[in-house]
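Open the model in your viewer and give each chain its own colour. This tour walks along the place where two chains meet.

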Amino acid sequence: MSTLNVDALVGNTSANAITVRGEGSATTSLQQGLLKVHLVT
Amino acid sequence: MASVLKVNTLTGVTTAGSIAVTSENNSTTTNLQSGLAKAHMTYDMSGTVEIVYGFNLGSAVDVGQGKFGCSFINNMASAREYSTAGIAKGNAYMVHGAAQSASAMQLWNHDWGGDLSDFDLYGLVVHGDLA
């Protein structure tokens, strides 16, 4: 178990592009996958 | 002091596809991979069927009146391990079509009368596990 304490994540090569290993062997994009807006009315 | 991590790829240490993230309440954790949308798009069926904007979705296929088909670039784990939520412009709603698999899916688009119809703007998001 390892824990990283960090306040912000920024892509190193491209600031807006961070790859995340998926549940299997494929990868996905952190920025594309994050929900950008939600609300309760 | 704020800290910024510059990184290109995030991979779990114990399990490559599992990273815990502390939640908004500062106590419980949630799962980064499970929380990410694995695909999203807007598509147009008013003329030649097309994906207007898409992430992790490949070619669009016109399967018939109101029936939209598309494939994933990176497949999902199985046909039963993902779900979609969507919205359509105007008086329309969508449901999953019969042909759902790990590599492709169909969306059947109905007007409120229940008839399959081609509208000019739909949007959807896919959550679930990647293969």
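Two residues are in contact when they have heavy atoms within 4.5 Å. Keep in mind that this is a predicted model.

**Stop 1: the whole contact.** Select the residues where chain B and chain A touch. You should pick up 30 residues from chain B and 30 residues from chain A. Together the two chains bury about 2,400 Å². Of that area, 55% is on carbon and sulfur atoms. Now show Leu5(B), Asn8(B) and Leu36(B). These three supply 24% of the area that chain B buries against chain A, more than any other three residues.

**Stop 2: a charged pair.** Which side chain of chain A meets Lys38(B) in a salt bridge? Select Glu23(A): the N to O distance is 3.0 Å. The count between the two chains is 1 salt bridge.

**Stop 3: polar contacts.** Turn on polar contacts across the interface. There are 20 residue pairs to find, with both residues at pLDDT 80 or more.

**Stop 4: the chain B side.** Colour four elements of chain B: strand E1 (4–6), strand E2 (9–10), helix H1 (32–35) and strand E6 (50–55). Each supplies at least two residues of the side that touches chain A. H1(B) gives the most, with 4 residues. Next, colour that side of chain B by residue type. It divides into 15 nonpolar, 12 polar and 3 charged residues.

**Stop 5: strands across the chains.** Select E2(B) and strand E2 (residues 19–21) of chain A. They pair in the parallel sense over 2 bridges. Finish on Val20(A): its bridge partner in E2(B) is Leu10(B).

How values were computed: Residues are numbered from 1 along each chain as its sequence is written. Chains are lettered from A and ligands numbered from 1 in the order in which they are written. This is a predicted model: local features need pLDDT of at least 70, side-chain atom pairs count only at pLDDT 80 or more; totals for chains, interfaces and linings use all residues. Side-chain values use heavy atoms; hydrogens and water are left out. Buried area is the accessible area (1.4 Å probe) that two parts lose on being put together, summed over both. A salt bridge is a side-chain nitrogen of Lys or Arg within 4 Å of a carboxyl oxygen of Asp or Glu. A polar contact is a pair of N or O atoms within 3.5 Å; within protein, one must be able to donate a hydrogen and the other to accept it, and residues adjacent in sequence count only if both atoms are side-chain atoms. Ala, Val, Leu, Ile, Met, Phe, Trp, Tyr, Cys and Pro count as nonpolar, Asp, Glu, Lys and Arg as charged, and the others, Gly among them, as polar. Two strands pair if DSSP finds at least two bridges between them.
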